[in-house]
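Work through the exercises below with the structure open beside you. Try each task before reading its solution.

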Amino acid sequence: MSSRRSSRSRQSGSSRISDDQISDLVSKLQHLIPELHRRRSDKVSASKVLQETCNYIRNLHREVDDLSDRLSELLASTDDNSAEAAIIRSLLNY
Amino acid sequence: MASADKTINTDVPEKDVFAIHFLQSLSNLRIQNLFNSPDTTNYRVRKIKKAAYVSMARAAGGTSRLWSRALLRRAAKGNNKIVRFPRRKRKVTWKISSKRRRSDQRAPVVEDAAERLRNLVPGGGGMETSKLMEETAHYIKCLSMQVKVMQCLVDGLSPK
């Protein structure tokens, strides 16, 4: 019981600090996303940053899918086309 | 305590940590003889994708991040394995339903975008907005590392 009460008071006390943290985090996210980073202005709104973050994450997921596809094809074929391919295959064979 | 601490750490490990974890996952798949059978392409792709996400979550710190915990828990469900998650020593974290989330105080425009973000980041559904954004920053960094590792592998294996 007491832990719940104290955690609630901790949360209400921190909501004032969190708004500053939010704008700090928004600027951090802005720096991470390549599209927004190019503009280099501080005038990008928080919702725009979040929107671009969503798009960026979706793009990254799509890239992972695509690369998984290609890796699957490449690993299934057993011809070694280069020295690097041989090294990678030997790594995967323990 | 996290609320009093102003500096939020979103550092991720170096690329080789991600590479080592991914290669280990791939060699486990090879041991299961996954790469020799020709007619299970979709299954193979799904296994590789799952290996990518799981190895990324492990490389990023395993259970020390909310998104990686959620990812590993999701993956473990599919395996029917019993996975132990160490009890965190901080205060007990309750899953905050959307009704009780404190962030409803914030500007609704921000909250709409945050809601969409919650669907994309693993484990985002229970997070408060500021925590969600911290986890998102870490998640994005780890995802781009994983993509770089996979791109290097593809480049190395491709015919010249």
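The exercises cover the fold of one chain, the cysteines, a lysine and the nonpolar core.

This is a predicted model, in which local features need pLDDT of at least 70, side-chain atom pairs count only at pLDDT 80 or more, and totals for chains, interfaces and linings use all residues. Residues are numbered from 1 along each chain as its sequence is written, chains are lettered from A in the order in which they are written, and side-chain values use heavy atoms, without hydrogens and water.

**Exercise 1. Describe the secondary structure and burial of chain A.**

Step 1. Take helices as DSSP runs of H or I with at least four residues, and strands as E runs of at least two, numbered from the N terminus. Chain A then has 4 helices and 0 strands. The order from the N terminus is α-α-α-α.

Step 2. Call a residue buried under 20% relative accessible area, exposed over 50%, and partly exposed in between (1.4 Å probe, protein chains only). Of the 94 residues in chain A, 37% are buried.

Step 3. Define a contact as heavy atoms within 4.5 Å. Take the chain A contacts between residues at least 6 apart in sequence: 7% of them join residues at least 24 apart.

**Exercise 2. Explain why B:C142 forms no disulfide.**

Step 1. A disulfide is a pair of cysteine sulfur atoms within 2.5 Å. The whole structure holds 0 of them.

Step 2. The closest cysteine sulfur to that of B:C142 belongs to B:C152, and because it lies 16 Å away, it is too far for a bond. B:C152 is likewise in no disulfide.

Step 3. Compare accessibility. B:C142 is buried, at 0%. B:C152 is partly exposed, at 42%.

**Exercise 3. Place B:K49 and list what it touches.**

Step 1. B:K49 sits in helix 2 of chain B, residues 41-59.

Step 2. Its relative accessibility is 26%, so B:K49 counts as partly exposed.

Step 3. Leave out residues up to four places away in sequence. B:K49 then touches A:V64, A:D65 and A:S68.

**Exercise 4. Which residues have the most contacts inside the largest nonpolar core?**

Step 1. A nonpolar core is a set of buried Ala, Val, Leu, Ile, Met, Phe, Trp, Tyr and Cys residues joined through side-chain atoms within 4.5 Å. The largest has 62 residues, and A:L71, B:M56 and B:W67 have the most contacts inside it.

Step 2. Find the main contributor. Helix 5 of chain B gives the largest share of this core, 14 residues.

Step 3. Look around B:M56. Beyond four places in sequence, its contacts include B:W67, B:Y139 and B:C142.
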